[in-house]
Amino acid sequence: MQISVEIENGAGRTARDNAPQGGAPSLWTLLIVFTKLGVTSIGNGVNGMLHAELVVARRWLSEDEFLSGLAVSQAMPGVNIANLALWLGYQQRGITGALVALTAVVVPPAVIIVLIGGSLLRLSANPVIGALLAGLATAAAGLSLSVGYRAARHAYRDWFSGVLFIAALAGGIVFHFSAIALVGVLAPVGIGIGFLRAWREGR
């Protein structure tokens with residue numbers, strides 16, 4: 001008799017349900033999916049949309065894989081969504097997949113902004129349109145916070161992780177240190193502790 005053990009995550013899905021399924025998608029599928037995400041996502045909410053589409057709906061990535069990529073993309077210089085698209089596309093189809101994903105999330109939204117950006121700016125003076133845009137911005141913030149919560153749960157593995165989190169939070173909100181300064185100081189500390197922990201476990 002086979003007994004399977006399933007651990008529920010915060011979304012009510014099991015670890016087995018959340019594991020990657022099937023083979024890598026085609027380049028055409030990557031193009032379609034990332035284009036859709038690029039033109040329908042608002043602000044920082046794109047991270048939440050990417051998670052819902054790639055991890056929950058399509059199961060191309062596990063929770064840990066996505067959040068690891070999110071951490072790397074935010075630590076590297078450049079636009080977060082571009083970095084994340086590069087990483088996610090590379091995970092699926094290598095360098096070609098990375099270029100396809102990057103093009104899909106950057107070019108179509110840029111074209112739309114050029115074509116209707118001026119009209120949208122004039123329409124935003126209308127109270128109804130302004131309220132609609134404010135609601136979209138609020139929804140995007142909620143999506144971003146949901147991914148931030150998942151990332152915090154993923155990263156919090158011991159008391160030292162909590163200390164680094166509090167230090168980064170205080171440095172950014174209370175002392176207004178730049179992201180470069182925070183990453184430059186805290187990242188080497190975290191990496192060093194990780195190597196030390198791995199060395200001790202390997203002894």
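Mentor: Buried means under 20% relative accessible area, and exposed means over 50%. Keep in mind that this is a predicted model.

Trainee: Is F160 buried or exposed?

Mentor: The cut-off for buried is under 20% relative accessible area. F160 has a relative accessible area of 16%. Therefore F160 is buried.

Trainee: And W159, buried or exposed?

Mentor: The cut-off for exposed is over 50%. W159 has a relative accessible area of 65%. Therefore W159 is exposed.

Trainee: How many aromatic pairs does the structure hold, and what kind do W159 and F160 form?

Mentor: The structure holds two aromatic pairs. In the W159 and F160 pair, the ring centres are 5.9 Å apart. The angle between the planes is 90 degrees, and planes over 60 degrees apart count as edge-to-face. The W159 and F160 pair is edge-to-face.

Trainee: What kind of pair do F175 and F177 form?

Mentor: A pair of aromatic rings is described by the distance of the centres and the angle of the planes. For F175 and F177, the centres are 5.8 Å apart and the planes stand at 15 degrees. Planes under 30 degrees apart count as stacked. So the F175 and F177 pair is stacked.

Trainee: How do F175 and F177 count, exposed or partly exposed?

Mentor: F175 has a relative accessible area of 55%, so F175 is exposed. F177 has a relative accessible area of 48%. That makes F177 partly exposed.

Trainee: Which residue forms a salt bridge with K36?

Mentor: K36 lies in helix 1 (residues 27–40), and its partner lies in helix 2 (residues 46–57), 17 residues apart. The closest N and O atoms are 3.2 Å apart. A salt bridge needs them within 4 Å. The partner is E53.

Trainee: Which residues join into one network through salt bridges that share partners?

Mentor: The count comes to two salt bridges. One is K36 with E53. The other is E53 with R58, the closest N and O atoms being 2.6 Å apart. Shared partners join these residues into one network: K36, E53 and R58.

Trainee: Which residue of that network is buried?

Mentor: K36 counts as partly exposed at 39% relative accessibility. R58 also counts as partly exposed, at 34%. A relative accessible area of 13% makes the remaining residue buried: E53.

Trainee: Which residues does I112 touch, not counting those up to four places away in sequence?

Mentor: I112 lies in helix 4 (residues 80–123). I112 and V39 are 73 residues apart in sequence, yet 8.1 Å apart in space, C-alpha to C-alpha. Contact means heavy atoms within 4.5 Å. The residues touched are V39 and G117.

Note on methods: Residues numbered from 1 in each chain as written. Predicted model: local features only at pLDDT ≥ 70, side-chain atom pairs only at ≥ 80, totals over all residues. Heavy atoms only, no water. Helix = DSSP H or I, 4+ residues; strand = E, 2+ residues; numbered from the N terminus. Phe/Tyr/Trp six-rings, centres within 6.5 Å; stacked < 30°, edge-to-face > 60°. Buried < 20%, exposed > 50% of the residue type's maximum accessible area, 1.4 Å probe, protein only. Salt bridge = Lys/Arg side-chain N within 4 Å of Asp/Glu carboxyl O.
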